[in-house]
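Open the model in a viewer and keep the selection tool at hand. The tour goes from one selection to the next and says what is found at each stop.

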Amino acid sequence: MGLVNRMGMGDKRTPESKIVEEGVHDFGGQPGGNTPLLEEHVDHENRTLWGDAWYRLRRNKLAVLALGWILIVVLAAITADLWVPQSFGDPRVINSQTAAAQRLLPVSSQHPFGTDDFGRDILGRVIYGSRVSLTVGIVAVAISVIIGVFLGAISGYYGGWTDTLVMRITDIFLAFPYILFAILILAVLPPEVRGITPVILAIGLLGWPTFARLFRGSVLSVKENDYVDAGRALGASDSRLMFRHIAPNAIAPVVVYATMSVGGAILTEAALSFLGLGIQPPKISWGQMIESSRGYLVTAPLLVLWPGLAILTTVLAFTLLGDGVRDALDVKMKD
Amino acid sequence: MAEHLLVVDDLKMHFHTRDGVVKAVDGVSYTLDSGETLGVVGESGSGKSVHALTMMGLIPMPPGKVEGGDVLFRGTSLIAMNDDDLRKIRGNEIAMIFQDPMTSLNPVYRIGRQLAEPLIIHKGFSKHDAWARAVELLRLVGIPHPESRVRDYPHQFSGGMRQRVMIAMALACDPYILIADEPTTALDVTIQAQIIELMQEIQKRTNSAIIMITHDLGVVADIADKVLVMYAGKPAEVGACDDVFYKPLHPYTWGLMDSIPRHDILDAKTELCPIKGQPPSLIDAPPGCSFEPRCPYAQDVCREKTPGLREISEGHYAACHFAGDEGFERNVVACAGVSA
Amino acid sequence: MLQYITKRIIQFIPVFFGVTLALFLISNFMPGADPIQMRFGERTPPPEVKAQLIQQFGLDQPWYVQYGKYLVALSPVKTVDGAVKWTGPDLGTSIYTGRPVMTIFLETYPYTIRLALVAIMIEIIVGIGAGVISAVKQYSFADVFVTLSTSILVSLPVFWLGLMLQYVFGIWLKNATGGAFYLPISGASSVAFPDWVHLILPGITLASVSTAYAARIMRSQLLEVNNQDYIRTAHAKGLSDNGVLWHHAMKNALIPVVTFIGLDLGAMFAGAVLTETVFNWPGVGFTLARSIFQRDFPVVFGGVTVMLFAVMIINLLVDISYAFLDPRIRFGGSGE
């Protein structure tokens, strides 16, 4: 009875159960027969699972909006070197000649978000900060997914003591607030070693248990299906069964949770940098920008506002995209 | 003419969805009297359940909307009735049993509480009296040791036992009409027979009317006095049970008969012959007979004109252009042609 | 039930050893500043004082000896002068302040518990309330509002929300009303305000994300339960809409919400590092974060140990309440 860890404790990005839409389905349809009342996808029933999901995702306005915003942020992060320094002055360096004169300027056409306490353009800094957030979000989640899927797969497929061992390890991880663990790991590092790599490793290495559980659950339920038995009866090897038959059908919940987790990883990076454990100046990260401008909350609250809005909108975009992907893939996220 | 217990007159329930209007029930009519059993048969999505839920006011509106017709229960319209009055009838004068006994009982409440509920709401029983009556009801439906089982939770009962509990719950207020929506579908065959027997026994005792909704023609043949065959939201054939079974008029009914194993005809040559094709989409149905695409006897007129329900012989109606015509009969060759 | 509780406690043992051992290993094999040095800040301590402190805290011994000593001290029953006695658990002494770790946490825990209870109350009232309204009036303006605002809340950096609340209610409001009305933004007590006013902003901050999750879970659970067959049965029995909602739907839909809130309470008892840091709230999270920076390892291990037990006890209580709410678990095996 794994009641306790049904929701990752410290990691608050709890998957929610899919909202069941009310509708005529439930009254018109009879179990055991297909419902002719609402044959929505008659015209494209030949699509694959992913093709169909992509079709449905495109019809979800919020998800498309979220995807658009993510693409804009990614594009800005990639192309920053080409236009940001030219437009607003290089926000990564302190220009000692102009710093005093440019200090804490209000919002203007030249500095759309104003300038910070060292006379650097805040919009430019926010754009450069997105590089860290996106990198941490994507790479850390990728690490979690790889470890989690691997361990979840062997755990679900082989069962027995392998399963017990892996699940007990996830218990240990999930029994304790995620952020505290990350703080502990990063805090014992000397300040000169702190930076983006330890942050990515800390978030990535702590995030895998949820993926392991999710994938294990999917594998267990998919394993019960007849076509897996059929494959086994035909003499398919373990790895072939795993990669060709089970994994493609068990991966959908992982994709959904991974999308949402990118936002979670961005939030964790911001929190760690805010606590002084993550990205160190002069490197720019949104959390670190908030930390370094905390002292100006009374005199220049915009310094705190902008990076926070950047985090909010980007994380929100990943949350909404995750919701959209979940609905598009029709995944019930319960465990 | 004596007043019927229930008169369903050209009832239409349509759902307004983003994809169009779904005509789930489109012109159903019949009458029902005390002690009578009506069997409603049809495939999934034929509107047989929706029509019952419509009478009970259990269809959420929107998206549902009664587009026409009426249901008179003891002379009063259920369609025009306001929610509060209808609620006094639900579970009290008309009760309903659902398909899946595994999920139709609330898992977090004791059986006794769920049985007592309608008595407390409708009959003003005290909690204590209602629980006492719950024990009697359980005994009535044949549950052993009702005194102790009344304190159990649904998950402690087997499927067949749970359906007995559902029946007990429906009977709590001595309803005039018992609507059973596929009450045996989710059960084992041996249990199915027991449940049907129980319902017949109770009907004898209480003289209530039963509407038995099912896709199992065997059940209908066992229990029904009247049969309504539904297809794509419309009635295909209505009549006395014997008429419909021994002198079926509609090609769809013929198809249904051919698609079930018959134990009364032990002819090795009679093979099972499923109706080919799928029921049509109920959205924006084209004019013409809705069974036409699957009908082996279809003619041009079937594509152009929607057939209405006609009385072919006394009390026996069918919605087919050719029903009752000389020489229009069930054709074994047509079946063979399909399976070939 | 007793058997179940025993099982949970036995399951806790590997978790306890796993976490504490991992911490010991990390702190011993990671390079970093010298904890003794931290106590002296910029000054250089005399070598004999330093040597004496190193010996006093056993820092010259290998990690497994330190770990063994930590375990022995933790045991509430020890042999004193050859006799077995109840001494209570000992968490050691802070390197930085020289005070017993147990005392430090006995002082800070009440603050954390107070803040957690306020946050949980907000979570229960606002979270469940918003979730129910949202589900009952699905697709209404209220529903769209709740859905959107919860999406935003779960995407907010908690510390940033805290800072924004500090600005709006502590700084902007003070200026706008000429100092007449504002809320305190730092600490747990002050001359200007009664203590409970100090709880408002940190309470809201700590509750924000969880409240949003509670609302979302409540909403989706209620919508899912509303599609269950037994809800249709309840309607068919002639219950009113309110009767169905409060008697039949809520009890089922609340089970996962109660689980979530319970586990969240456990997480809050482990200290709200970010909220407590932003508001200088003297709770365990704040203390622990500070001790980590001071490399005050006895306080860190002591804090982690206390938290582990706190989380375990709360989780156990959640499980018991879960069984209380759901008879399928209370009575074990089902007929299916």
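**Stop 1: a buried pair and a network**

Select Asp152(B) and Arg149(B) in this predicted model: their side chains form a salt bridge, with N and O 3.0 Å apart. Both Asp152(B) and Arg149(B) are buried. Next, add Asp323(A), Arg326(A), Asp327(A) and Arg216(C), which salt bridges with shared partners join into one network.

**Stop 2: other salt bridges**

Over all chains, a search of the whole structure gives 21 salt bridges. For another of them, show Glu36(B) and Lys226(B), whose side chains meet at 3.7 Å, N to O. Glu36(B) sits in the loop between strand 2 and strand 3 of chain B, while Lys226(B) belongs to strand 9 of chain B, so the salt bridge ties together parts 190 residues apart in sequence. Is Glu36(B) buried or exposed? Glu36(B) has a relative accessible area of 16% and counts as buried, because the cut-off for buried is under 20%.

Now go to helix 2 of chain B, residues 83-89. Here Asp85(B) and Lys88(B) form a salt bridge, and their closest N and O atoms are 3.8 Å apart. The two residues are three apart in the helix, which puts about one helical turn between them. Asp85(B) is partly exposed, at a relative accessible area of 35%, and Lys88(B) is exposed, at 54%.

**Stop 3: the eight-stranded sheet of chain B**

Switch to a cartoon of chain B and find the open sheet of eight strands, in the order 6-7-8-3-9-10-12-11, with mixed pairing. Which strands stand at the edges? They are strand 6 (94-97) and strand 11 (310-313) of chain B; each has a single partner strand, so one side of each is left without a neighbour in the sheet. On average, neighbouring strands of this sheet are turned by 20° against each other, direction ignored.

Within the sheet, select strand 3 (residues 37-41) and strand 9 (residues 226-231) of chain B, which pair in the parallel sense over four bridges. Gly39(B) has Val227(B) of strand 9 opposite it. The Lys226(B) of the earlier salt bridge also lies in strand 9 of chain B.

Then add helix 6 of chain B, residues 159-171. Helix 6 lies across strand 6 and strand 7 (177-181) of chain B, and its direction is at about 170° to strand 6.

**Stop 4: His316(B)**

Select His316(B), in strand 12 (residues 316-318) of chain B. His316(B) counts as buried, at 2% relative accessibility. What does its side chain meet in a polar contact? The partner is the side chain of Glu237(B), at 2.7 Å. Leaving aside residues up to four places away in sequence, His316(B) touches several residues, among them Val238(B), Asp243(B), Leu249(B) and Arg310(B).

**Stop 5: a hairpin in chain B**

Show strand 1 (residues 6-17) and strand 2 (residues 20-32) of chain B, an antiparallel pair with 10 bridges. Two residues make the hairpin connection from strand 1 to strand 2 of chain B. One of the bridges links His16(B) to Val21(B) in strand 2 of chain B.

**Stop 6: where chain C meets chain B**

Show chain C and chain B together. The contact involves 25 residues of chain C and 30 residues of chain B. About 2,400 Å² is buried between the two chains, 57% of it on carbon and sulfur atoms. On the side of chain C, Arg232(C), Ala236(C) and Lys237(C) lose the most area to chain B, together 24% of what that side buries.

How many salt bridges cross the interface of chain C and chain B? The rule finds one: the side chains of Glu117(B) and Lys237(C) meet at 2.8 Å, N to O. Across this interface there are also 12 residue pairs in polar contact, both residues at pLDDT 80 or more. Helix 9 (229-236), helix 10 (241-269) and helix 14 (327-330) of chain C each give two or more residues to the side that touches chain B. The largest share of that side, six residues, comes from helix 9 of chain C.

**Stop 7: helix 12 of chain A**

Finish on helix 12 (residues 286-293) of chain A, which is mostly covered, with six of its eight residues buried. The buried residues are Trp286(A), Gly287(A), Gln288(A), Met289(A), Ile290(A) and Ser293(A). Their cover includes helix 5 (122-158), helix 11 (252-274) and helix 13 (302-329) of chain A, together with helix 7 (158-176) of chain C.

Note on methods: Residues numbered from 1 in each chain as written. Chains lettered and ligands numbered in written order. Predicted model: local features only at pLDDT ≥ 70, side-chain atom pairs only at ≥ 80, totals over all residues. Heavy atoms only, no water. Pairing = 2+ DSSP bridges. Axes fitted to C-alpha atoms, helices over the stretch in contact; angles between N-to-C directions. Contact = heavy atoms within 4.5 Å. Buried < 20%, exposed > 50% of the residue type's maximum accessible area, 1.4 Å probe, protein only. Buried area = accessible area lost by both parts, 1.4 Å probe. Salt bridge = Lys/Arg side-chain N within 4 Å of Asp/Glu carboxyl O. Polar contact = N/O pair within 3.5 Å; in protein donor to acceptor, adjacent residues only side chain to side chain.
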